[in-house]
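Me: I have a structure open in front of me and would like to walk through it with you. Could we take it one question at a time?

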Amino acid sequence: MIGGALRQTGRLFALAAEVSRAVFRRPFQLREFVEQFWFVASVTILPAALVSIPFGAVIALQVGSLTQQLGAQSFTGGASVLAVIQQASPLIVALLISGAAGSAICADLGSRKIREELDAMEVMGVSPVQRLVVPRVLATMAVAVLLNGMVSVVGTLGGYFFNIVLQGGTPGAYLASFSALAQLPDLYISELKALIFGFIAGIVAAYRGLNPRGGPKGVGDAVNQAVVITFMLLFFVNMVLTGIYLQIVPPKGG
Amino acid sequence: MGIEVAVEGLTMSFGKQNIWQDVSLTLPAGEVSVMLGPSGTGKTVFLKSLIGLLKPQRGRVLINGVDMVGGREKDIYETRKLFGLMFQDGALFGSMSLFDNIAFPLREHTRKRESEIRRIVMERIELVGLLGAEGKLPGEISGGMRKRAGLARALVLDPQIVLCDEPDSGLDPVRTAYLSQLLIDLNARIDATMLIVTHNLDIAATVPDNMGMFFRRELVTFGPREVLLTSEEPVVTQFLAGRREGPIGMSEEKDAATLAAEADGAAASPPPGPRAIAPQLEPSPGLPPRAAVGRRRERVLGMLDTLPPAARAAIEDTYARHAAAPTVSLPAAGSGS
Ligand SMILES: Nc1ncnc2c1ncn2[C@@H]1O[C@H](COP(=O)(O)OP(=O)(O)O)[C@@H](O)[C@H]1O
Ligand SMILES: [Mg+2]
């Protein structure tokens, strides 16, 4: 049981290494990348936007209410923006990337595998990793970064709107608190998180898709597992990255 | 000229399930070989091991000095370009039309212009009788057509080793006869080493130079076709006659009790006499003679002493008849009936 888990983890890392190497192998599969980019973007953008507005609002309301009780209303804007950019946005991205993009990639590769398409490719001397997995992982990473930027903006706007309209905050104070609390590295870490999440989601989906166990039912199981595994991994990695960031980058307000 | 494939002591298991063990054989360069065996005896696994898709636990598969089992990944990838493998279910790319499927290896591995690619692909499509279907997606055609498209794709780079996994299943008898002729013509044209896995007794009787059979996790025999066709081994005779009586059962092998009961009943049925060996197909008129024929003759006559008497007699008989009419092809056989 434990041995099996270790072996799977080892193979997952082996695939990650293989993909990283194959990224630099020519010819780059540009067409596949563009197609996958469009596909992943099209299944994630709308849900991400729809989720991020209420998410931004909830955070704005919650933070607003807290700061009010603490007598620090003037910091509402900066605090909620930080919460959105640093935590909410990467997690929304994680959710959609693993749920929508990862499941689609896993199902696609899995059904190709059981139809022996991937074996056929290898027999013809074409590496499925270079040909199919690399463009998918890169597309997932690119969309994750894009999505994270979009969710940050939409979430921030949502928070701004709710703070001003519902909680009677002033635009001036909201914006001023930005510069008091937030700094550029906050944005960098957020995008870095998204990039890493995209990579992990792509690799896990590809790994499970390339190794389905027995028939079409196996593909269904693989998709399910890919989503659950990615989820757990991303939340864990998020925790680690947040911890490291808070340790090494001094907070501006302090 | 084709390339020799040497298999040495190959043993394959999936977990605890042993598929076959200690398989050794040589596919002679440029000759056509057929592998028989009941379903589930690991013929597909064997083909995939030859090409390095599956890795048996023990043994070697040597092609041009490269070990497809334990060799370096890079060498294996290079060596694969010598192969054409026709998968049991075609294994076409579902998102591409038949034309693009067949053009895939050309676009990947050559720098040919699109017009040149079109010419080659259409020629192969005509060869396997799929003219008019080239624009269709694999999901829109029948299983037999998918297999033929898979064959066309396997042939598009003029491979030196051709592996066909049950090319006949899903084909009607007439198409199967055409296919037999197609395989022989192909061999005459490109002199590739060919291994065909099949259940079809007509193909087995008329196409190969060499034959082998898998049963009970072993290679029962492999050698010149006459050896298997004259063999008295119960598995072989049962399989070639398509009878129920014998060691091959519905699920796996029969147990001893059923076999004993059968032996009592079988005493009543007439003992099989010496079986007539059908002549091997000749290439269609207009094609060059198969280069492998001469090489095989040398080889087989050289190993005559090691063969069982029945096989020896059959071989001498065949070559005696051939000597009378050296290179004239048999038109009746050549028509693919
Ligand atoms: N990838 C695999 N994993 C586990 N078992 C397999 C795999 N491929 C084939 N087998 C098993 O190997 C045996 C032989 O299969 P196969 O080579 O397809 O037989 P056939 O002679 O009909 O082509 C079967 O029992 C099958 O279950
Ligand atoms: Mg098979």
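Below is a friendly run of questions and replies about this predicted model.

Me: Happy to start with the ligand. Which residues surround ligand 1, and which element gives the most to its shell?

Reply: Ligand 1 sits among B:Phe14, B:Gln17, B:Ile19, B:Ser39, B:Gly40, B:Thr41, B:Gly42, B:Lys43, B:Thr44 and B:Val45. By type, this shell divides into three nonpolar residues, six polar ones and one charged. With three residues, the element that gives the most is α1(B).

Me: Which residue puts a polar side-chain atom by an oxygen atom of ligand 1, and at what distance?

Reply: Let's set the backbone aside first: polar backbone atoms of B:Thr41 and B:Lys43 lie 3.3 Å and 2.8 Å, respectively, from an oxygen atom of the ligand. The side-chain case belongs to another residue of the shell. An oxygen atom of ligand 1 has a polar side-chain atom at 2.6 Å, and that atom is from B:Thr44.

Me: What share of the area of ligand 1 does the protein bury?

Reply: On its own, ligand 1 would expose 570 Å². Once the protein is in place, the buried part of that area is 59%.

Me: Staying with α1(B), how many of its residues are buried?

Reply: The list of buried residues in α1(B) holds B:Lys43, B:Val45, B:Phe46, B:Leu47, B:Lys48, B:Ser49 and B:Leu50. Just past the end of this helix, B:Gly52 has a positive phi of about 85°. The helix is mostly covered, and the count of buried residues, out of eight, is seven.

Me: Now the hydrophobic interior. Which helix supplies the largest share of the largest nonpolar core?

Reply: That core has 74 residues, and those touching the most other members are A:Val19, B:Val7, B:Trp20, B:Val23, B:Phe46, B:Leu50 and B:Val61. The largest share is eight residues, and they come from chain A, in helix α7.

Me: And how many residues are in the other core, the one that includes B:Leu92?

Reply: This core lies apart from the one we just discussed. Its members include B:Leu92, B:Leu98, B:Ala152 and B:Leu179, and its size is 49 residues.

Me: What do the buried residues of α3(B) pack against?

Reply: Helix α3 of chain B covers residues 98-109, and its buried residues include B:Leu98, B:Phe99, B:Ile102 and B:Phe104. Their packing partners come from both chains: from chain B, α4 (114-127) and α5 (143-155), and from chain A, α4 (117-123) and α5.

Me: Is A:Asn148 buried or exposed, and which side chain does its own side chain meet in a polar contact?

Reply: A:Asn148 belongs to helix α5 of chain A, residues 128-166. Its relative accessible area is 0%, and buried means under 20%, so A:Asn148 is buried. Farther along the sequence than four places, its contacts include A:Ser89, A:Pro90, A:Glu191 and A:Ala194. The polar contact spans 2.8 Å, and the partner side chain is that of A:Ser190.

Me: Which residue offers its backbone nitrogen to the side chain of B:Thr193?

Reply: B:Thr193 is part of strand β8 of chain B, and it counts as buried because its relative accessibility is 0%. Among the residues it contacts beyond four places in sequence are B:Ile3, B:Leu27, B:Gly30 and B:Ile161. The backbone nitrogen that lies 2.9 Å from a polar atom of the B:Thr193 side chain is that of B:Gly30.

Me: Why does the positive phi of B:Asp22 catch the eye, and what is its value?

Reply: Most residues other than glycine have a negative phi, so a positive one stands out. B:Asp22 lies in strand β2 of chain B and counts as exposed at 57% relative accessibility. Its phi is near 50°.

Me: Where does B:Arg216 lie?

Reply: B:Arg216 also has a positive phi, about 50°, without being a glycine. At 37% relative accessibility it counts as partly exposed. Its place is in chain B, in the loop between β9 (210-215) and β10 (218-224).

Me: Finally, how many helices and strands does chain A have?

Reply: The C-alpha trace of chain A spans about 65 × 35 × 35 Å along its principal axes. Of its 254 residues, 47% count as buried. As for the elements, the tally is zero strands and eight helices.

Terms used: Residues numbered from 1 in each chain as written. Chains lettered and ligands numbered in written order. Predicted model: local features only at pLDDT ≥ 70, side-chain atom pairs only at ≥ 80, totals over all residues. Heavy atoms only, no water. Near = heavy atom within 4 Å. Polar contact = N/O pair within 3.5 Å; in protein donor to acceptor, adjacent residues only side chain to side chain. Areas by Shrake-Rupley, 256 points an atom, 1.4 Å probe, with all protein chains shown as cover. Helix = DSSP H or I, 4+ residues; strand = E, 2+ residues; numbered from the N terminus. Nonpolar A, V, L, I, M, F, W, Y, C, P; charged D, E, K, R; others polar. Core = buried A, V, L, I, M, F, W, Y, C linked by side-chain atoms within 4.5 Å. Buried < 20%, exposed > 50% of the residue type's maximum accessible area, 1.4 Å probe, protein only. Contact = heavy atoms within 4.5 Å.
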